[in-house]
Each structure stands twice: as structure tokens, then as C-alpha cells.
Amino acid sequence: MTDVQPLKPISNSAQDRQALIAARMQYYRDLGIYDFYRRGEPLENAAWLENLSAVSGEVQYQNSIDVEEQEISARKPFPPAPAIAEIVDPAKRAQALNVIRQDIGECTRCTLSAGRNKIVFGDGNPNARLLFVGEGPGADEDAQGLPFVGRAGQLLNNMINAMGLSREQVYIANIVKCRPPGNRVPEPEEAHTCTQFLFRQIDVIRPEVIVALGSTAATYLLGGKSPLNALRGRVHSVRDARLIVTYHPAYLLRDPAQKKEAWKDLQIAMAELGLSPPAREQSTKTP
Ligand code: URA
């Protein structure tokens, strides 16, 4: 008969834990495994991630969109999105958007009003099939009262044109309509206060496809925070529209290598809209 020791109950004492680890190591050695490494050790020089804005020449979005996984504090659960409104007759959509603009008025519903010059309501075709949603106005937008008119806006225009569309055919809006100081990420209270108007705009325009530009747009449209890359490459559903998530143009200005990834996202949006990219000009070069 083999000598079987009676099982002792294992406590959580340091001694028992050491004994367990030693037994497990012995078990691995018995299997012929000698080398171990620990998973999830922090990279020694991961600090470079925090210094992106310091090494980049782009200053406009240095606080908010350097790294796409932005810090959006999730202090309170997201309030439920309002019920989707009735469909508005396409001929009356421009007028319905004006009513929303009037309801916003000279808004002081949140603290962002204190530092803004102009409310950036949104711009484009009231019957657009495609809606782009960014984070919030920057300095240029705050000065002009129009979304995406700075450097990031120039890149967005190029993205729209690459899809075979013009800016006049689409609609462009933001999560918040007033510029956050120093271009910081909007606080949840600010975003929730403002998205009630964005949701009304979406219900009037009835876009078939919404493209969320960056993490803030994705978070507040989808009603919760997830890593941007976990949201990309899929078709989500928001307010009766299909939603595609991609990188914010300001992020693409910093990391142009990601443009090809963004183009993949835009191609999903185009497929959803039944669009094919415009034919490229014939190259004179041999392939
Ligand atoms: N970035 C945004 O998110 N929105 C704008 O309107 C401009 C830049």
C-alpha cells in the first residue's frame, strides 16, 4: 500500500501559501519545465506613451486626443438615452434642426459655457445619410462656430472625399458643443448634458450610418466605455442607425501610420451605405 498522507485543510497563512507554491514548482519541474516568466510585467519604458505630446509638433489636441484611450472618468452610470423621436419629413428637417438650435439658446447648462466663444451646433446636410461625430470644438471651431474647421477638420475633409463624398453631403457634429478649456476631454456631466441635443439632431437627420471619431464619441454614443480597438471593425447600432468607430482625425495627424486602419473603418461605413470609393486617377507608372 502506498503511503498516502491524510489531507490537511489549507489555510491562507503565509506558510501554507509558500508550501503550495513550492509544491506547484516541484510539479512543473517534474514535468520538465524549468523556465518561468511573469505575464503583465510593466514595460520598463512604457512612460514614453505619456510623453507623446511633448515630442509631437501638433499642439491643438495635446490634452485630449494624444492617445485614443482617453481618461473618461466613469463616476456615475450613464443615464439612459432618450426615446427615439418620430421621423421628421425630410423637407422639414432643416427647420427641425433650427428648433433644436433655438432650444439650446445661449446655453449655460454646464460649465463649458463660461469659456466658449461660439456654440458649435453642427453643420451639413439635414438629410445626410452619413453623420460624423467628434469630441468637441477646438480653438478654430470655437472661433468660427463650425465643427472640424482646423487641421483635424482638413484631414476629415480628405477622409470624406476619399469616400467619394463631399462635406456638403454629410453632417458633422460633436459630443459637446462648447470648447472644453485647453481642449481637455469633456467631463461626463458636460457630455451627458449636451448629448440630449445631439440625440435630437440624430433623430431629425436619421442618418443611416454614424461614424464615431475617437473614444469620446464612441463612449457617449454607445452609452459606455470600451477600448477603442475593441469597438473598431464592427457595426454597432445606435438610435436606428448603424455606427462605425474609428480614430479621431487629430490622432491620425499624430500617428499617420494609423490612417490605413482608419481607412478600413471608413470602408465598412461605405459598404453599409452601398458606396464604392471613387476610381483613382490612372497612373502613368507601370505597376
Ligand atoms: N475635434 C473635434 O472633436 N471636433 C471638432 O469640431 C474639431 C476638432
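**Figure 1. Contacts across the chain, seen in a predicted model.** Count the contacts in the protein chain with a separation of 6 or more, and 77% of them turn out to join residues 24 or more positions apart. This is a predicted model, and its protein chain holds 10 helices and 6 strands. Of the 287 residues, 34% count as buried. The pLDDT averages 83 over the protein chain, with 73% of the residues scoring at least 70. Residues 32-66 are where to be careful: the pLDDT there is below 50, and the stretch has 36 contacts in the model beyond near neighbours in sequence.

**Figure 2. The shell around the ligand.** Here we've zoomed in on the ligand, which has 13 residues around it. G134, E135, E141, P147 and F148 are the closest of them. Sorted by class, the shell comes out as 6 nonpolar, 5 polar and 2 charged residues. One of the closest residues, G134, also turns up at the end of strand 2 (130-134), an element that reappears in the next view.

**Figure 3. Helix 5 and what covers it.** Helix 5 takes in residues 151-162, 12 residues in total. From its first C-alpha to its last it reaches 17 Å, close to the 16 Å expected at 1.5 Å a residue. Look for A152, G153, L155, L156, M159 and I160, the buried residues of this helix. They sit on the same side of helix 5, because the arc they cover around the axis is only 160°. The general rule behind this kind of pattern is that an α-helix has 3.6 residues a turn, so residues three or four places apart point the same way. Among the elements covering the buried residues of helix 5 are strand 2, helix 9 (249-254) and helix 10 (259-273). Just past the helix comes G164, with a positive phi of about 85°.

**Figure 4. Helix 7, wrapped up by its neighbours.** How many of the 8 residues of helix 7 (residues 215-222) are buried? The count is 7, so the helix is largely enclosed by the rest of the structure. The buried ones are S215, T216, A217, A218, T219, Y220 and L221. They pack against quite a list of elements: strand 2, strand 4, strand 5 and strand 6, plus helix 6 and helix 8 (228-231). After helix 7 comes G223, and its phi is positive too, near 80°.

**Figure 5. Two arginines with positive phi.** Most residues other than glycine have a negative phi, which makes a close look at two loops worthwhile. In the loop between helix 6 (188-205) and strand 4 (209-213) you'll find R206, with a positive phi near 55°. R206 counts as buried because 20 other C-beta atoms lie within 10 Å, and 20 is the cut-off for that class. The other arginine, R239, is in the loop between strand 5 (236-238) and strand 6 (241-246). Its phi is positive as well, near 45°. R239 has 18 other C-beta atoms within 10 Å, so it is partly exposed.

**Figure 6. I268 on helix 10.** Back to helix 10, this time for I268, which lies in it. With 19 C-beta neighbours inside 10 Å, I268 counts as partly exposed; buried would take 20 or more. Which residues does I268 touch, not counting those up to four places away in sequence? The partners are V235 and I244. R232 can be picked out in this view too: I268 and R232 are 36 residues apart in sequence, with 9.9 Å between their C-alpha atoms.

**Figure 7. The end of helix 3.** This last view takes in two residues of helix 3 (residues 93-104), namely I104 and D103. I104 is partly exposed, with 15 other C-beta atoms within 10 Å. D103 has 11 other C-beta atoms within 10 Å, so it is exposed. Leaving aside neighbours within four places in sequence, I104 is in contact with I119, F121 and F197. For one of these partners, F121, the C-alpha to C-alpha distance to I104 is 8.9 Å, at 17 residues apart in sequence. F197 also pairs up with D103 in this view: the two are 94 residues apart in sequence and 8.8 Å apart in space, C-alpha to C-alpha.

Technical notes:
Residues are numbered from 1 along each chain as its sequence is written. This is a predicted model: local features need pLDDT of at least 70, side-chain atom pairs count only at pLDDT 80 or more; totals for chains, interfaces and linings use all residues. A residue is near a molecule or strand if its C-beta atom, placed from the backbone, lies within 6 Å of it. Ala, Val, Leu, Ile, Met, Phe, Trp, Tyr, Cys and Pro count as nonpolar, Asp, Glu, Lys and Arg as charged, and the others, Gly among them, as polar. pLDDT is the predictor's confidence in each residue, from 0 to 100. Two residues are in contact if their C-beta atoms, placed from the backbone, lie within 7 Å. Helices (H or I, at least four residues) and strands (E, at least two) are DSSP runs, numbered from the N terminus. The expected span of a helix is 1.5 Å times one less than its number of residues. A residue is buried if 20 or more other C-beta atoms lie within 10 Å of its own, exposed if 12 or fewer, and partly exposed in between; C-beta atoms are placed from the backbone. The arc is that of the directions from the helix axis to the C-beta atoms.
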